[in-house]
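Colleague: I'm new to this, so could we go through the model together? I'd like to hear the reasoning behind the labels.

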Amino acid sequence: MPQTDPFASHRRGLESPAATHFAITPQDGTDLPLRPRVLRVVSGGDLAVRDAAGTVIVYPVAAGETIAFSAAGIEATGTTATVAGWY
């Protein structure tokens, strides 16, 4: 049976759940192909997150954690965690 989306005609707001996800490969100084709504930690470790202003902060993260941050990039230097982007 094909799946239908009863909300397809509704506009998605920022409070709406994410509908798409993508794997993130950390790369120094490279913007993500899409700015995610949030980051989902697949495996824990350290996560070097870069914002739109270019500021990088390394956060310790745990597997299963959801980080409500629309990162511009995930840096390879300092990152040992694995994350996915949701938007």
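Colleague: What volume does the largest pocket have?

Modeller: About 160 Å³. Keep in mind that this is a predicted model.

Colleague: Which strands give two or more residues to the lining of that pocket?

Modeller: Those are E3 and strand E4 (56-61). E4 gives the largest share, four residues. Among the residues of the lining are Tyr-59, Pro-60 and Val-61, along with Arg-50 and Phe-69.

Colleague: How does the lining divide into nonpolar, polar and charged residues?

Modeller: Eight are nonpolar, one is polar and three are charged. Arg-50, Asp-51 and Glu-65 are in the lining, and Asp, Glu and Arg count as charged.

Colleague: Arg-50 again! Why is the contact between Arg-50 and Asp-31 called a salt bridge?

Modeller: The cut-off is 4 Å between a side-chain nitrogen of Lys or Arg and a carboxyl oxygen of Asp or Glu. The closest N and O atoms of Arg-50 and Asp-31 are 2.9 Å apart, so the pair meets the definition. The two sit 19 residues apart, with Arg-50 in strand E3 and Asp-31 in the loop between strand E1 (21-23) and E2.

Colleague: What makes Arg-50 buried and Asp-31 exposed?

Modeller: Buried means under 20% relative accessible area, and exposed means over 50%. Arg-50 has 9%, so it's buried. Asp-31 has 52%, so it counts as exposed.

Colleague: And how do you know that Arg-50 and Glu-75 form a salt bridge?

Modeller: Same kind of check: their N to O distance is 2.7 Å, and the limit is 4 Å. Arg-50 is in strand E3 and Glu-75 in strand E6 (residues 73-75), so this pair ties together parts that are 25 residues apart in sequence. Glu-75 is buried too, because its relative accessible area is 8%.

Colleague: What joins Asp-31, Arg-50 and Glu-75 into one network?

Modeller: Salt bridges that share partners. The structure holds two salt bridges.

Colleague: Now the inside. How many residues are in the largest nonpolar core, and which have the most contacts inside it?

Modeller: There are 13 residues, and Ile-24, Leu-39, Leu-47 and Ile-74 have the most contacts inside the core. Strand E2 (38-43) and strand E3 (45-50) each supply at least two of the core's residues.

Colleague: Which residues does Ile-74 touch, leaving out those up to four places away in sequence?

Modeller: Its contacts include Ile-24, Leu-39, Leu-47, Val-49 and Val-83. Ile-74 also touches Pro-26, Gln-27 and Thr-79.

Key:
Residues are numbered from 1 along each chain as its sequence is written. This is a predicted model: local features need pLDDT of at least 70, side-chain atom pairs count only at pLDDT 80 or more; totals for chains, interfaces and linings use all residues. Side-chain values use heavy atoms; hydrogens and water are left out. A nonpolar core is a set of buried Ala, Val, Leu, Ile, Met, Phe, Trp, Tyr and Cys residues joined through side-chain atoms within 4.5 Å. Buried means under 20% relative accessible area, exposed over 50%, partly exposed in between (1.4 Å probe, protein chains only). Contact means heavy atoms within 4.5 Å. On a 1 Å grid over the protein atoms alone, a cavity is a set of points where a 1.4 Å probe fits but cannot get out, and a pocket is an open set with protein on both sides within 12 Å along at least five of seven lines; lining residues have an atom within 4 Å of a point. Grid points are joined across faces, edges and corners, and a volume is the space filled by probe spheres set on the points.
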